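Welcome, and thank you for opening the viewer. Please load the model, show it as a cartoon, and follow along one stop at a time.

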Amino acid sequence: QIARCFRDEDLRADRQPEFTQVDLEMSFAGADAVMAVVEDVVAGAIQLGRGVEVARPFHRMSYAEAMSRFGSDKPDLRFGLELKDVTEAAGRSEMKVFLDIVRGGGCILGLRVPGAATFSRTEMDALTAVAQSFGAKGLAWIKSAQGTWSGQIAKFFPEAVRGELTQILGLEE
């Protein structure tokens, strides 16, 4: 059934007070059965409404995969900004913060942002402020341009580690 719903909870900035949902009545259905029915309904609605054939099966990823690749349980796959585990390589750097994290059993994740080599220091500082507003202690960044690394942490990485990080992160000019 298609049901009009009203939230009976406090309003939040990211939620509207009313919405429409599809209720499924299924007995003894597991997650795969529910997703298969929803996939059929969504693909059918798009076919009827737009005349577009949707490729199936839809891509599915586990919560653990979404969190490890994108840091979110609702990733936007259009951008391809995936987190990469650089803990091992960063543990061979000369950067005390990274070494302390690795020794403490933590992990260090890297993110390649195409085009970021053109960002100014002011723009990088603004991105750092955004990261801090979401709970990060800061951003440690480097730029790779014309075969040269620059940025606040570039000096802490020996050439061999730079090569490894370039490969892991897929850094480009």
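Which element supplies the largest share of the lining of the largest pocket? Keep that in mind as you look around; the pocket has its own stop below. One thing to know before we set off is that this is a predicted model.

**Stop 1: the whole chain**

Select everything. The protein chain holds 6 helices and 6 strands, and reading along the sequence gives the pattern β-β-α-α-β-α-α-β-α-β-β-α. Turn the C-alpha trace along its principal axes and you will find that the chain spans about 60 × 40 × 35 Å. The radius of gyration is 22 Å, whereas a compact globule of 173 residues would have one near 16 Å. Colour by burial next: buried residues make up 19% of the 173 residues. Among contacts with a separation of 6 or more, 36% are between residues 24 or more positions apart.

**Stop 2: the strand pair E1 and E2**

Now select residues 2–6, which form strand E1, together with residues 18–22, which form strand E2. The two run antiparallel and are joined by 5 bridges. To see one facing pair, pick Arg 4 and look across to Thr 20 in E2. Then show the side chains of E1: Ala 3 and Cys 5 belong to the covered face, while Ile 2, Arg 4 and Phe 6 are on the uncovered one.

**Stop 3: Phe 28**

Move on to the loop between E2 and H1, where you will find Phe 28. Is Phe 28 buried or exposed? With a relative accessibility of 89%, Phe 28 counts as exposed, because the cut-off for that is over 50%. The backbone deserves a look too: phi of Phe 28 is near 55°, a positive value in a residue other than glycine. Most residues other than glycine have a negative phi.

**Stop 4: Ala 43 and the loop after H1**

Select residues 31–50 to bring up helix H1, then pick Ala 43 within that helix. Ala 43 has a relative accessible area of 6%, so it counts as buried. If you draw a distance from its C-alpha to that of Phe 28, you get 24 Å for two residues 15 apart along the chain.

What does Ala 43 contact, leaving aside its neighbours within four places in sequence? Show Val 54, Arg 56 and Phe 58 to see these partners.

Arg 56 leads to the next sight: the peptide bond from Arg 56 to Pro 57 is cis, with omega near 5°. Most peptide bonds are trans. Pro 57 lies in the loop between helix H1 and helix H2, the latter covering residues 63–70.

**Stop 5: the largest pocket**

Switch on a surface and find the largest pocket, with about 1,800 Å³ of space. Its lining has 50 residues, and the closest to its centre are Leu 109, Gly 110, Leu 111, Leu 139 and Ala 140. Here is the answer to the opening question: helix H5 gives the largest share of the lining, 4 residues.

To see the elements around the pocket, select H4 (96–103), E4 (109–111), H5 (121–133), E5 (143–145) and H6 (159–169), each of which supplies at least two lining residues. Colouring the lining by class shows 36 nonpolar, 8 polar and 6 charged residues.

**Stop 6: Gly 110 and Thr 128**

Zoom in on Gly 110, in strand E4. Gly 110 is buried because its relative accessible area, 10%, is under 20%. Beyond its neighbours within four places in sequence, Gly 110 is in contact with Glu 82, Leu 83, Lys 84, Val 86 and Leu 169. From Gly 110 to Glu 88 is 12 Å, C-alpha to C-alpha, with their positions 22 residues apart in sequence.

Next, click Thr 128 in helix H5. Thr 128 is buried as well, with a relative accessible area of 15%. Its contacts, leaving aside neighbours within four places in sequence, are Gly 138 and Leu 139.

**Stop 7: Glu 94**

Finish in the loop between helix H3 (87–90) and H4, where Glu 94 is found. Which residues does Glu 94 touch, not counting those up to four places away in sequence? Select Leu 99, Lys 155, Phe 156 and Pro 158 to see them. As a last distance, try the C-alpha atoms of Glu 94 and Ile 153: they are separated by 9.6 Å, although the residues are 59 apart along the chain.

Terms used
Residues are numbered from 1 along each chain as its sequence is written. This is a predicted model: local features need pLDDT of at least 70, side-chain atom pairs count only at pLDDT 80 or more; totals for chains, interfaces and linings use all residues. Side-chain values use heavy atoms; hydrogens and water are left out. Buried means under 20% relative accessible area, exposed over 50%, partly exposed in between (1.4 Å probe, protein chains only). Two strands pair if DSSP finds at least two bridges between them. On a 1 Å grid over the protein atoms alone, a cavity is a set of points where a 1.4 Å probe fits but cannot get out, and a pocket is an open set with protein on both sides within 12 Å along at least five of seven lines; lining residues have an atom within 4 Å of a point. Grid points are joined across faces, edges and corners, and a volume is the space filled by probe spheres set on the points. Ala, Val, Leu, Ile, Met, Phe, Trp, Tyr, Cys and Pro count as nonpolar, Asp, Glu, Lys and Arg as charged, and the others, Gly among them, as polar. The radius of gyration is taken over C-alpha atoms; the globule rule is 2.2 Å times the number of residues to the power 0.38. Contact means heavy atoms within 4.5 Å.
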